[in-house]
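Welcome, and thanks for taking a look at this one with us. Here is a short tour, grouped by topic, to read alongside the viewer.

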Amino acid sequence: MPRILLVDDDPDQLEIREMILESEGHTVAAISSRHDALSGFARFLPDVVVMDLRLPKTVDGLQLIRELHAANAAVKIVVLSGWPADISGTPEEAMVSKVIQKPVKSELLLRILGQLAMLSLFCFAAAAFGQTFPFHLTRAGEVTSEIELSAPGSGWGVKGREAVLATVKLDGRALSNLMVYRPSPQAYSIFLGALDAGDHRLEVERDGQYSAAGLELKAHGARFEEHALPKAGYAMVAHAPILYARANTVGKFTDIPLLSYCERMDGYLQYTTIFSNEDGGTSTRALMARWGRTTDIEHVYRVWLDAAGHATRSTIQTLGHADVEFKGAREGNHPLLYVSTDNNMVAEEGAAPIRYMLTPLLVDLSDASREAVMDQHPFTYAIAAQELEREAKLRPFGTVDGQKISDVRNYLYLEMRITNRDSRVAARVQLAGDPRWRSSHLGRTDYAMERDGWVRTTIELPPGTHANQIAAIGVECLVEPAGPDRPAPVAGSCHVEKISRAFLLDRQYVPQPSFWHTSARPEGWRIPTGETYTWTLQ
């Protein structure tokens with residue numbers, strides 16, 4: 001039975017639900033306030049959180065969802081609300097497993113909890129097994145595992161205390177690695193490949209050669225999930241790439257894969273990796289201006305499948321961002337890819353002692369940018385920021401120091417969908433009581449955004465700026481500069497089809513609710529080059 005954390009500020013409802021769930025055999029912890037929920041979550045390590053949305057206000061419930069998701073993105077969250085519209089359309093909606101409208105019948109709640117429990121084989125090893133986790137499969141198939149690990153005393157931003165590299169062994173054979181960069185327990189999800197039915201054994205060991213000296217590795221538990229046809233999502237797991245670390249990052253705690261996700265595109269699956277940074281290609285200043293982040297997000301693998309789920313074609317993104325046919329080795333259906341360039345392109349051949357088998361998340365980015373995946377997994381912001389600090393890529397606010405940037409929490413993040421015609425787009429922000437406009441492109445046309453589709457940018461603001469201090473946002477349309485083989489156009493135009501989000505990061509690097517509430521226009525906004533369109537927020 002799963003461990004369930006109940007959070008509700010109504011003591012009567014809390015007591016009733018606790019009694020009902022315990023009577024069904026669940027292990028339950030009950031907490032009556034949002035402020036105690038996060039510490040209770042860390043102590044209890046639940047499989048499922050069942051929470052009221054208004055604690056006592058909606059904003060409190062939404063904040064708790066973000067905090068729980070940041071603490072453990074794998075935890076299943078069930079939200080109970082008399083007003084489901086309060087969460088509909090918010091970023092937090094994507095972080096929960098189910099929203100149930102009140103009043104809630106006990107039978108419905110128990111059925112949903114049962115369905116969530118069936119998603120996993122709760123092979124949570126007892127302490128007696130130490131860092132070895134036996135599990136049993138009822139049938140052959142692909143298997144994924146969520147392993148709860150911690151490295152007490154670690155700090156990704158502190159030189160000499162960065163992380164512990166864990167080696168994951170399956171049935172006595174080294175299988176995969178995990179970079180454990182959190183001092184408190186965090187769930188890391190990996191795929192184990194295709195396994196036969198029967199008994200298996202997963203072991204987690206500290207790699208002495210590539211771990212920060214003096215740090216220990218703690219394994220708190222593991223859960224396993226079977227994937228076999230006709231289960232939805234089987235193909236996504238079965239064809240996930242195995243990614244070898246870039247050779248010049250080994251032992252240096254830099255540019256590590258943080259997250260893998262998969263999109264169902266038109267006829268194929270596309271796998272993308274979010275790296276903690278990139279040491280080549282776009283500079284840090286340009287990353288923030290043109291991409292709205294300092295991580296590196298690259299699609300690494302595409303695979304086309306026939307009706308039976310077999311690969312008919314596959315490509316990788318390699319040197320120069322070229323997509324080429326993949327003809328390399330595989331383990332089962334899983335391609336072996338080697339990060340080969342400083343901007344994290346991949347090759348089908350290489351050599352590295354570290355490899356990652358991160359379970360991909362299924363995402364739909366048809367109406368959002370790639371960076372929206374980071375919003376749903378805020379630890380990516382935190383780890384990227386800590387890496388910048390350790391690598392001395394940060395500078396004080398309002399100064400210029402080469403390619404360094406300010407603390408990433410000092411920026412406004414703006415997401416929009418655009419189309420350029422001989423143009424580039426930049427964003428501007430004005431604070432209340434300040435006659436100045438601050439720009440995303442820092443006065444450099446090459447830092448403006450020339451691509452079409454969903455884009456994100458950032459604008460540096462004074463430390464401690466709050467959303468209610470932002471008076472106006474503008475979008476400037478600039479002429480595309482001349483290229484090596486073409487003159488600069490005389491004029492152009494920018495089409496801002498939609499602005500979806502404007503937000504700040506809190507002190508824990510968690511994206512705050514968007515303060516962009518301007519109504520969308522079906523036709524969007526068309527801006528000639530040389531002009532700026534502004535929206536007043538106050």
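A good place to start is one serine: the side chain of Ser439 reaches the backbone nitrogen of Leu442 at 3.1 Å. Please keep in mind that this is a predicted model. From that serine we move on to two helices, α3 and α8, and then to the nonpolar cores.

**Around Ser439**

- Ser439 sits in strand β26, which covers residues 438–439.
- Its relative accessible area is 16%, and because buried means under 20%, Ser439 counts as buried.
- Besides Leu442, the side chain of Ser439 has a polar partner in the side chain of His441, at 3.4 Å.
- Setting aside neighbours within four places in sequence, Ser439 is in contact with Ala427, Arg428 and Ile459.

**Helix α3**

- Helix α3 runs over residues 58–71, and its 14 residues should span 20 Å at 1.5 Å a residue; the end C-alpha atoms are 20 Å apart, so expectation and model agree.
- Because 10 of the 14 residues of α3 are buried, the rest of the structure largely encloses this helix.
- The buried set in α3 has nonpolar members, including Leu62, Leu64, Ile65 and Leu68, but Asp60, Arg66 and His69 are also among the buried residues.
- Among the elements covering the buried residues of α3 are the strands β1 (3–7), β3 (48–52) and β4 (76–81), together with α2 (34–44) and α7 (372–376).

**Helix α8**

- Helix α8 takes up residues 379–390; its 12 residues should span 16 Å at 1.5 Å a residue, and its end C-alpha atoms are 16 Å apart, which agrees.
- Like a mostly covered element should, α8 has 10 of its 12 residues buried.
- Among the buried residues of α8 are Phe379, Tyr381, Ile383 and Leu388, and also Glu387 and Arg390.
- Just after α8, Ala392 adopts a positive phi of about 60°.

**Nonpolar cores**

- In soluble globular proteins, nonpolar side chains tend to be buried together.
- Here the largest nonpolar core has 87 residues, and the members touching the most others are Leu149, Tyr181 and Leu192.
- Helix α8 gives the most to this core, with 6 residues.
- A second, separate core has 26 residues, including Met416, Leu431, Ile473 and Trp516.
- Which residues does Leu192 contact, leaving aside its neighbours within four places in sequence? They are Phe135, Val143, Thr144, Ser145, Leu170, Leu175, Leu202, Phe224 and Met357.

Definitions and conventions:
Residues numbered from 1 in each chain as written. Predicted model: local features only at pLDDT ≥ 70, side-chain atom pairs only at ≥ 80, totals over all residues. Heavy atoms only, no water. Helix = DSSP H or I, 4+ residues; strand = E, 2+ residues; numbered from the N terminus. Buried < 20%, exposed > 50% of the residue type's maximum accessible area, 1.4 Å probe, protein only. Polar contact = N/O pair within 3.5 Å; in protein donor to acceptor, adjacent residues only side chain to side chain. Contact = heavy atoms within 4.5 Å. Expected span 1.5 Å × (residues − 1). Core = buried A, V, L, I, M, F, W, Y, C linked by side-chain atoms within 4.5 Å.
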